[in-house]
Amino acid sequence: MYVAMVKAPPELVERSPMAMGSSRVAHHHNLRHHSERPNSISSFLSPKLSIYILAACVTLFVIFHIQSLQTPPESTSSLPSWSLNLMRQWQRVINTTTTAATATAEEITSTSFTNNYTNELNALRDKLRQSVTFLPLKDLRYAHAALVGHTWFMSSMYDSSDEEGEVQYQHFPSQLSSNRLLCLKGRDNHDGSWNSYALAWPDALPHNATLMTGLSFISYNHYSYENIWHGLAAVMPFVAWHKKNSCAKPERWILYHWGEIRSRMGVWLSTLMEATFGGPPFVEVFDGFEEGRAVCFEKAVVMRHNEGGMSRDQRMEVYDLMRCKARAYCNVSSEGEDRRRKIGMTLFMRTGPRSFKNESAVVGIFEKECAKVDGCRLMVAHSNNLTFCDQVKLMSMTDILMSPHGAQLTNMFLMDRNSSVMEFFPKGWLKLAGVGQFVYHWIASWSGMRHHGAWRDPNGELCQYSEDDRRCMSLYKNGKIGYNETYFSEWSRSVLNEVKTRKMEEVANGAPLSSTGCICR
């Protein structure tokens, strides 16, 4: 009976590993008490009283058997009434004494043990709370290699992936965090080293900490959430995790750039996330919290490597999902037999840096080539005066996208798979722009498109330094793009013929227009 009475109260059953260790110590201490407490009962049942009880039992046993020798044992009713009464009274005494002794022992055991156990747990909980250590979100020790390895954001933490070729992330609580929750402190938007993070046990959160329920997405972006390419690269892994984890949706987003908190996404990116997750993204900035007060999260997913580590197939599936969600959100459909027999050719223009010097001449060249192909239609649009849904609709009608290098090319994933991309650069980029100039080659491959190369203007402003001097890039970066009529004509003619042949084969083979990708409803 003692074992049943020493069970801890329900709210104290689940503990952290350290707490569980203390529980085992307490349990051992408890077992020691069990071995000692029967002595209090023994003192209650003294040796002298035990002898009296034994003598009484023997006397009754002898009387019973003497009577049984004189009376046939047919039933207990044949026993003398005085004998039966004596036996019943003695049984009541034994029962009452045993019950009283047992109850007293249990009361003493329960009260004493519970108080000791509770006190020990409270003391341990306080120690765990005091041991929670906050570290800077931005670790300046790794400033020289901010994007390498663990990165300088939450540098003490390790990423995981469910399988090879899938997104790298951190999940709290999890086995890797020893089932601890992620806690954040600070809301500085100028220096990320003033913001901090820590891990804490669910039942030993820092003093005065606030627990935010539901799922939280915590994003690190080395660049900007306003730029549609850099912003998309930062949030894309969350879409991959969402797809992999039963389409789980976040209650909030927490956005960081170099450890500095950011209050919003760009309009294009925010609308895409609204379409993907079925509601406007709420960006938490902790305005309602006292400075220095910790906030802990019931569930949190952290991404800090963009789509790094994801295989091409995984990326294509994520782009398929976002394309499908965006079209559904904007009530756009590319279905229909007429689309199979038409070719949409779109000149997606920029204004300012990296725009065409002579737009009308460029439009004329591609217009003439498009007119030579049955079913070809040329569309000209400027990215800066289109809404998100305008861009989704335009891309859904586009088979060949022609545009200068720039963030507007990110829209290419909204086209049907196997669509074509033609890119244009101003002078100087090939030598000086670095690997980043190939980003739209990559996104074309990742989203299932076909990048047909780039034209690089050999002419442009003169730099006072040699053309391979990196100081010239500040001049070339915002340069404008000329044109080469002969090259543009031959290039577009080749791409148009390839697209026409592909579409004819798709019609003959009955291939679907595009994969739906909408697995999350």
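A residue counts as buried when its relative accessible area is under 20%. Keep that cut-off in mind, because it settles the case of R354 straight away: with a relative accessible area of 11%, R354 is buried. You'll find R354 in the loop between β9 (343–349) and α10 (359–371). There's something else to look at here, since phi of R354 is near 60°, a positive value in a residue other than glycine. Most residues other than glycine have a negative phi.

Now let's zoom out. What you're looking at is a predicted model. The chain holds 15 helices and 13 strands, and 46% of its 521 residues count as buried. The surface that the chain exposes comes to about 26,500 Å², with carbon and sulfur atoms supplying 54% of that. How do the contacts spread along the sequence? Take the contacts between residues at least 6 apart in sequence: 77% of them join residues at least 24 apart.

Next, head inside. The largest nonpolar core has 57 residues, and those that touch the most other members are L232, W253, L272, M273, Y319, M322 and M412. Helix α6 makes the largest contribution to this core, with 11 residues. There's also a second, separate core of 24 residues, and F153, Y220, F286 and F289 are among them.

Let's pick out M273 from the larger core. Leaving aside residues up to four places away in sequence, M273 touches V235, V239, W253, M265, G278, G279, P281 and M322. M273 is also one of the buried residues of α7, along with W268, L269, T271, L272, A275, T276 and F277. Because eight of the 11 residues of α7 (residues 267–277) are buried, this helix is largely enclosed by the rest of the structure. So what does the covering? The elements over the buried residues of α7 include β5 (210–220), α6, β6 (252–257), α8 (312–329) and α11 (388–396). Just after the helix, G278 takes a positive phi of about 80°.

Another residue worth a visit is F424, which sits in strand β12 (residues 420–425). Is F424 buried or exposed? Its relative accessible area is 0%, so F424 is buried. Not counting residues up to four places away in sequence, the neighbours that F424 touches are F356, F366, M402, S403, P404, H405, W455, I481, F488 and W491. The C-alpha atoms of F424 and G482 are separated by 9.4 Å, while the two residues are 58 residues apart along the chain.

Time for the largest pocket, which holds about 830 Å³ of space. It is lined by 29 residues, and the closest to its centre are Y223, W229, H230, G436 and V439. Helices α6 (228–244), α12 (429–432) and α13 (439–446) each supply at least two lining residues, and α13 gives the most, with four. By type, the lining divides into 15 nonpolar, 10 polar and four charged residues.

Finally, a couple of backbone details. C247, in the loop between α6 and β6, has a phi near 60°, a positive value in a residue other than glycine. Its relative accessibility is 22%, so C247 counts as partly exposed. Most peptide bonds are trans. The bond from F172 to P173, however, is cis, with omega near -5°. P173 lies in the loop between β2 (170–172) and β3 (181–185).

How values were computed
Residues are numbered from 1 along each chain as its sequence is written. This is a predicted model: local features need pLDDT of at least 70, side-chain atom pairs count only at pLDDT 80 or more; totals for chains, interfaces and linings use all residues. Side-chain values use heavy atoms; hydrogens and water are left out. On a 1 Å grid over the protein atoms alone, a cavity is a set of points where a 1.4 Å probe fits but cannot get out, and a pocket is an open set with protein on both sides within 12 Å along at least five of seven lines; lining residues have an atom within 4 Å of a point. Grid points are joined across faces, edges and corners, and a volume is the space filled by probe spheres set on the points. Ala, Val, Leu, Ile, Met, Phe, Trp, Tyr, Cys and Pro count as nonpolar, Asp, Glu, Lys and Arg as charged, and the others, Gly among them, as polar. Buried means under 20% relative accessible area, exposed over 50%, partly exposed in between (1.4 Å probe, protein chains only). Contact means heavy atoms within 4.5 Å. Accessible areas come from the Shrake-Rupley method with a 1.4 Å probe; for residues, only the protein chains shown count as cover. A nonpolar core is a set of buried Ala, Val, Leu, Ile, Met, Phe, Trp, Tyr and Cys residues joined through side-chain atoms within 4.5 Å.
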